[in-house]
Structure formats: structure tokens, C-alpha cells
Amino acid sequence: MAAETPICDFGWRAPDFDLPDAAGRVYRLSELRGEKGTLVIFICNHCPYVKAVIDRVVDTSRDLRALGINTVAINANDWQNYPEDAPEKMLTFAELHGFDFPYLVDETQDVARQFDAVCTPDFFGFDGKLELQYRGRLDESRKEAVPGAKRELFDAMKQVAETGKGPAVQYPSMGCSIKWRQ
């Protein structure tokens, strides 16, 4: 089922977490944060919305790192009912798409609930103090790439890196709803 993210709750502070990647290495948000900002993305492997944008997400992450913004991806989906999202498949997905950022497993789904994540992909753009400044879409093309589409996530996070504030106008991300455990 498709879902859209709510409007950005400016200044909301990111809850710290410690989550493992699919290989078992544990990461803390406080260790992953970038000097100028941090992008936390809820994704999964099977969602057609994620599949359509993931290479653009990786490119955006690479471009943002040059601005002092780090990225971390989190998979909170119930992989018992969606086996394509299982941790061992996350390793393959990350390698296939050239992830240069951690891809973490939220097995209990507690972190997704703390963030109030709604869909995959769901983008949370924080400033250097881990205060929310962007909760919008990747770009104006939404799912399928449109030549010349405005890079809204990149532009917003560049603004955050330069000014500490996100844009006042933001458009919701859209994707598959997170697959919650019963």
C-alpha cells in the first residue's frame, strides 16, 4: 500500500539509536552523524519505489558527503513476511547498488516507530545538531526518473549544510508503507 510522509516537524531532535548492519556490526547515530548534517533514510529491498530511486539516492549521498553530510539507511520491514528484505539479502542489495553508507537492521522496529517512519523511502534530513530540517521527497520526478528533475533532497540538505535550516516548502515522499510486524 502506498503512503506519504507527513510535513516536516522542524527542529525535532533525532533519537539516538544503536543498530546492527546485516553483517552484525553495530552503529550508533551519534557516531554516524556528519559535521554539517545527517540523512537518515528508511528503505527496504523489495519496494518498487525504493528500487526506482536507489541509484539516485546513492548518488545524492555521495554528493552530500562532500558537503559534510553523512547518510545512514535503515530497513525496518518485517522480513518474516517479506523475505526479500531479510538481512542477508540486504548485503546483496547494498553491494549491487554501491552503498557507501551503513544499511542497518531495525529488527524490533523500535527505531522506525521513534522516528515515526511511514514509508520506503522515507527521508529525514537533520542539521549538525541532529534537529530535523527536511522530510520530503528525493526529487520532483517522484518514482521514475524524469530528465532535469529538481534534486529537492540534495538542494534542501545543501541549504542545511550552508545555513542550518531546511526549506520552508517541502513535498512529501511517497512509497510503500512500512511492513509492521503483527
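In which strand is threonine 120 found? Threonine 120 belongs to strand 7 (residues 119-120), where helices (H or I, at least four residues) and strands (E, at least two) are DSSP runs numbered from the N terminus.

The views show a predicted model, in which local features need pLDDT of at least 70, side-chain atom pairs count only at pLDDT 80 or more, and totals for chains, interfaces and linings use all residues. Residues are numbered from 1 along each chain as its sequence is written, and side-chain values use heavy atoms, with hydrogens and water left out.

**View 1. Surroundings of threonine 120 in strand 7.** Threonine 120 counts as buried because its relative accessibility is 2%; buried means under 20% relative accessible area, exposed over 50%, and partly exposed in between (1.4 Å probe, protein chains only). Residues up to four places away in sequence aside, threonine 120 touches Phe42, Ile43, Cys44, Cys47, Tyr49, Val50, Gly175, Cys176 and Ile178, contact being heavy atoms within 4.5 Å. A cis peptide bond, with omega about 0°, links threonine 120 to proline 121. Proline 121 is placed in the loop between strand 7 and strand 8 (122-127).

**View 2. Cysteine 176 in strand 10 (residues 174-177).** With a relative accessibility of 10%, cysteine 176 counts as buried. Its C-alpha atom is separated by 8.5 Å from that of valine 118, although the two residues are 58 residues apart along the chain.

**View 3. The two sides of helix 3 (residues 87-96).** Pro87, Met90, Phe93 and Ala94 are the buried residues of helix 3. They lie on the same side of helix 3 because they cover an arc of only 100° around the axis, the arc being that of the directions from the helix axis to the C-beta atoms. An α-helix has 3.6 residues a turn, so residues three or four places apart point the same way. Glu88, Thr92, Glu95 and Leu96 are exposed on the other side of helix 3. The cover over the buried residues includes helix 2 (48-65), strand 5 (69-75) and strand 6 (103-105). Glycine 98, which follows helix 3, has a positive phi near 70°.

**View 4. The largest nonpolar core, of 33 residues.** A nonpolar core is a set of buried Ala, Val, Leu, Ile, Met, Phe, Trp, Tyr and Cys residues joined through side-chain atoms within 4.5 Å. Ile43, Phe99 and Tyr103 have the most contacts inside the largest core. At least two residues of this core come from each of strand 4 (37-42), helix 2, strand 5, helix 3, strand 6 and helix 5. Helix 2 gives the most, with 7 residues. Beyond its neighbours within four places in sequence, tyrosine 103 is in contact with residues including Asp21, Ile43, Ile74, Met90, Phe93 and Ala94.

**View 5. A second, separate core of 22 residues.** Ile74, Phe115, Ala117 and Leu130 are among the members of this core. Leucine 130 is located in the loop between strand 8 and strand 9 (132-134). At 5% relative accessibility, leucine 130 counts as buried, and its phi is positive, about 60°, although it is not a glycine.

**View 6. Aspartate 116 in the loop between helix 4 (110-115) and strand 7.** Aspartate 116 is not a glycine, yet its phi is positive, about 60°.
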